[in-house]
Amino acid sequence: PHPRAMIAMPVALVGLAIALDVFGWAPAAARASQGQIGTGVAFAMGASLSMGMVLLLTTKWLSAVDGRMRTLILMSVVALVTFCAGMIGGGFAPPADGTGWLGLALLTAFYGIAITVLFTVLPKMGAVNNAAILNFEPVAALILGWLILGQSIAASQIFGGVVVIAAII
């Protein structure tokens with residue numbers, strides 16, 4: 001990794017720990033559901049390990065493949081695995097109303113664009129140097145939770161988000 005990335009990544013990690021209130025510094029109102037997040041944290045850890053492996057392995061094995069084709073290959077594999085898991089679990093339930101369909105369409109469009117851009121830019125930056133930029137995702141989720149879901153954010157969490165953004169820059 002670039003020396004700047006070796007400095008930025010630990011700083012961003014500390015900022016994430018503050019933003020996600022790992023130390024319990026936020027007031028009780030901002031962490032009312034902390035006792036109920038164990039399953040979410042386990043899923044997040046699994047997702048982060050999976051994404052880290054995808055970034056590492058695609059950079060190693062598929063760096064010569066165009067980012068759009070790499071996205072098509074990876075999303076096809078994900079679709080197949082998801083379809084099989086869904087059928088084993090009893091099938092899929094489509095959205096029940098227009099809001100659900102709109103959410104599904106926007107998720108598909110935004111995620112498709114974002115992952116294609118990621119896999120197009122990744123070979124140019126390298127997985128390790130790109131990892132610092134990916135630290136913005138939890139901060140974005142925190143901001144979107146506040147904007148869309150009305151979740152409260154403590155001043156310490158805002159400070160942690162600013163530390164992450166500063167480390168990325």
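Which residues on the other side of α6 are exposed? That one gets settled in Exercise 1; keep in mind throughout that this is a predicted model.

**Exercise 1. Work out how α6 presents its two sides.**

Start with the length. α6 has 14 residues, which should span 20 Å at 1.5 Å a residue, and its end C-alpha atoms sit 19 Å apart, so the two agree. Next, pick out the buried positions: V139, L142 and G145. Look down the axis of α6 and these buried residues fall within an arc of 120°, so they line one face of the helix. On the other side, L147 and I148 are exposed, which answers the opening question. As for what covers the buried residues of α6, the list includes α1 and α7. One last stop: just after α6, G150 takes a positive phi of about 75°.

**Exercise 2. Do the same for α7, and find its packing partners.**

Helix α7 runs over residues 155–168, 14 residues in total, and covers 20 Å from first C-alpha to last, close to the 20 Å expected. Its buried set is S156, Q157, G160, G161, V163, V164 and A167. Down the axis of α7 these lie within an arc of 155°, so they too line one face. Flip to the other side of α7 and you find A155, I158 and A166 exposed. Now for the partners: the buried residues of α7 pack against α1 (3–19) and α6 (136–149).

**Exercise 3. Decide whether Q157 is buried or exposed, and list the backbone atoms its side chain reaches.**

First place the residue: Q157 is in helix α7. Its relative accessible area is 6%, and the cut-off for buried is under 20%, so Q157 counts as buried. Then follow the side chain. It reaches the backbone oxygen of A19 at 3.0 Å, and it also gets to the backbone nitrogen of A154 at 2.9 Å.

**Exercise 4. Classify V14 and give its C-alpha separation from A167.**

V14 belongs to helix α1. With a relative accessible area of 46%, V14 is between the 20% and 50% limits, so the label is partly exposed. For the separation, take the C-alpha atoms of V14 and A167: they are 10.0 Å from each other, though the two residues are 153 apart along the chain.

**Exercise 5. Find the largest nonpolar core, then see what T71 touches.**

The largest nonpolar core has 5 residues: L55, L74, I115, L118 and F119. Helix α4 (residues 98–125) supplies the largest share of this core, 3 residues. Now turn to T71, which sits in helix α3 (residues 67–88). Its relative accessibility is 7%, so T71 is buried. Set aside its neighbours within four places in sequence, and T71 is in contact with I115, T116 and F119.

**Exercise 6. Identify the aromatic pair and name its geometry.**

To describe a pair of aromatic rings, you need the distance of the centres and the angle of the planes. The count here comes to 1 aromatic pair. F83 and F92 form it, at 6.4 Å centre to centre with 25° between the planes. Planes under 30 degrees apart count as stacked, so the F83 and F92 pair is stacked. To finish, check the accessibility of F83: at 46%, F83 is partly exposed.

How values were computed
Residues numbered from 1 in each chain as written. Predicted model: local features only at pLDDT ≥ 70, side-chain atom pairs only at ≥ 80, totals over all residues. Heavy atoms only, no water. Helix = DSSP H or I, 4+ residues; strand = E, 2+ residues; numbered from the N terminus. Expected span 1.5 Å × (residues − 1). Buried < 20%, exposed > 50% of the residue type's maximum accessible area, 1.4 Å probe, protein only. Arc of directions from axis to C-beta. Contact = heavy atoms within 4.5 Å. Phe/Tyr/Trp six-rings, centres within 6.5 Å; stacked < 30°, edge-to-face > 60°. Polar contact = N/O pair within 3.5 Å; in protein donor to acceptor, adjacent residues only side chain to side chain. Core = buried A, V, L, I, M, F, W, Y, C linked by side-chain atoms within 4.5 Å.
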